[in-house]
Amino acid sequence: MLELNREEFTKEELIKVLRSDDPELLQDLFSTARKIRKEVQGNKIFAYGFVYFTTYCRNNCNFCYYRNSNDIERYRKNEEEVLATSKALIDSGVNLIDLTMGEDPQYHQEKFQTVADIIKKIKQEYDTPVMISPGVVSNEIIDNLAEAGADFYALYQETHNRELFAKLRVGQDYDERMNAKLYAKEKGMLIEEGLLAGVGENEEDIADSLLTMGEIGARQVRVMSFIPQEGSPMENCTSPDRMEELKIIALMRILYPHALIPASLDVDGIKGLKDRINAGANLITSIIPPKSGFMGVAHNTMDVDEGGRTVEEARSILDQMGLVIATREEYKEFIKEVRK
Ligand code: SF4
């Protein structure tokens with residue numbers, strides 16, 4: 001059987017694992033991933049607060065509910081609202097605030113000054129790490145965001161197959177997106193890369209993505225299963241079997257033992273947490289305060305107002321698994337090590 005407990009894999013080996021439905025191999029895959037996570041961070045799991053502060057977007061990604069052409073209700077939260085929600089999330093026990101937005105032309109016009117101010121406040125007044133997910137922005141804006149103190153710049157290609165990219169991110173430039181990420185890294189930010197499962201990729205594409213994530217030095221790597229979005233061109237496509245996402249999480253953990261790998265509550269809500277953690281994820285994302293008027297992305301309201309996407313809910317599930325949510329100090333220590 002394929003030896004899984006190692007960091008070097010050829011593309012062919014990755015493809016072999018991705019194609020396999022051998023129960024023995026899969027069991028070995030997930031237990032190896034868990035073992036590696038435990039060696040690196042014991043029983044600690046990280047938690048990120050998700051603040052999707054504007055749902056306006058100039059783009060038309062085919063898989064996205066918030067694409068410009070979709071006739072939906074949108075919002076743009078002001079600085080006060082963003083800070084109040086961030087503070088509530090921090091008080092509830094999250095380790096980092098993820099400031100996410102569509103590519104809102106209004107923010108581009110003002111060169112992200114408001115966003116830079118928000119980052120400074122969260123960093124200085126709330127003493128909490130910040131991830132910024134602004135889409136593709138100019139180098140000048142990246143300079144401002146880095147200077148404001150953003151720790152992470154998240155920007156997902158979703159696939160590293162250029163042809164598929166062109167079909168998914170219609171009218172957008174693959175290299176421009178990749179270069180923005182690399183520039184942010186050059187400016188001292190940690191970067192997050194991501195892929196979507198179930199959007200027309202094959203195992204070879206996934207293996208390419210897995211290897212590219214390492215080559216570009218991404219410190220956080222995520223996979224999410226595609227969820228069909230009402231009113232989008234991919235509305236009638238089906239959501240993939242979750243095994244694909246789980247295998248990818250496990251392979252990411254094995255390839256990159258120190259990577260931050262999210263178990264996103266955005267795909268299957270709180271009920272999907274356990275499987276993703278058991279596949280080797282070390283981080284819970286898309287924690288959103290109930291009744292705050294802020295939305296998620298793939299399942300924009302699932303479990304939010306019901307209070308399912310809270311630290312408290314996540315904590316009770318982790319507790320049954322013998323795991324705990326790390327403190328902010330422990331998270332800061334972890335990213336200090338990751339930066340070395
Ligand atoms: S995925 Fe992001 S960039 Fe693309 S349409 Fe949605 S919000 Fe805009």
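User: In this predicted model, how do the residues of the shell around the ligand divide into nonpolar, polar and charged?

Analyst: The ligand is surrounded by Tyr 52, Cys 57, Asn 59, Cys 61, Phe 63, Cys 64, Arg 67, Gly 102 and Arg 169. Tyr, Cys and Phe count as nonpolar, Arg counts as charged, and Gly is placed among the polar residues. The shell therefore divides into five nonpolar, two polar and two charged residues.

User: Where does the ligand sit?

Analyst: A molecule is assigned to a cavity if more than half of its atoms lie within 2 Å of the grid points of that cavity. By this criterion, the ligand sits in the largest cavity.

User: How many aromatic pairs does a search of the whole structure find?

Analyst: Two rings form a pair if their centres lie within 6.5 Å. Applied to the whole structure, the search finds 10 aromatic pairs.

User: Is the pair of Phe 46 and Phe 334 stacked, edge-to-face or tilted?

Analyst: The ring centres of Phe 46 and Phe 334 are 4.9 Å apart, and their planes stand at 55°. Planes under 30 degrees apart would count as stacked and planes over 60 as edge-to-face. The angle of 55° falls into neither class, so the pair is tilted.

User: How many residues apart in sequence are the parts that Phe 46 and Phe 334 tie together?

Analyst: Phe 46 belongs to strand S1, residues 44-54, and is buried with a relative accessible area of 2%. Phe 334 belongs to helix H14, residues 328-339, and also counts as buried, at 11% relative accessibility. Because one ring lies in the strand and the other in the helix, the pair ties together parts whose separation in sequence is 288 residues.

User: Which residues do ring pairs link into a cluster with Phe 46 and Phe 334?

Analyst: The cluster is built from ring pairs and includes Phe 46 and Phe 334. Its other members are Tyr 48 and Tyr 331.

User: What kind of aromatic pair do Tyr 52 and Tyr 66 form?

Analyst: Tyr 52 lies in strand S1 and Tyr 66 in the loop between S1 and helix H3, so their pair ties together parts that are 14 residues apart in sequence. Both Tyr 52 and Tyr 66 are buried. The distance is 5.0 Å centre to centre, with 90° between the planes, and the pair is edge-to-face.

User: Which ring does the charged end of Lys 77 sit over?

Analyst: A charge sits over a ring if the NZ atom of Lys is within 6 Å of the ring centre and within 35 degrees of the ring normal. The charged end of Lys 77 is 5.0 Å from the centre of such a ring, that of Phe 294.

User: Is Lys 38 buried or exposed?

Analyst: Lys 38 has its place in helix H2, residues 23-41. Exposed means over 50% relative accessible area. The value for Lys 38 is 59%, so this residue is exposed.

User: Why is Phi of Phe 112 remarked upon, and what is its value?

Analyst: Most residues other than glycine have a negative phi. Phe 112, found in the loop between helix H4 and helix H5, is buried with a relative accessible area of 0%. Its phi is positive although the residue is not glycine, and the value is near 65°.

User: What is Phi of Glu 158 near?

Analyst: Glu 158 is found in the loop between strand S4 and helix H7. Its relative accessible area is 4%, so Glu 158 is buried. Phi is again positive in a residue other than glycine, near 75°.

Conventions:
Residues are numbered from 1 along each chain as its sequence is written. This is a predicted model: local features need pLDDT of at least 70, side-chain atom pairs count only at pLDDT 80 or more; totals for chains, interfaces and linings use all residues. Side-chain values use heavy atoms; hydrogens and water are left out. Rings of Phe, Tyr and Trp (its six-membered ring) pair if their centres lie within 6.5 Å; planes under 30 degrees apart count as stacked, over 60 as edge-to-face and the rest as tilted. Helices (H or I, at least four residues) and strands (E, at least two) are DSSP runs, numbered from the N terminus. Buried means under 20% relative accessible area, exposed over 50%, partly exposed in between (1.4 Å probe, protein chains only). A residue is near a molecule or strand if one of its heavy atoms lies within 4 Å of it. On a 1 Å grid over the protein atoms alone, a cavity is a set of points where a 1.4 Å probe fits but cannot get out, and a pocket is an open set with protein on both sides within 12 Å along at least five of seven lines; lining residues have an atom within 4 Å of a point.
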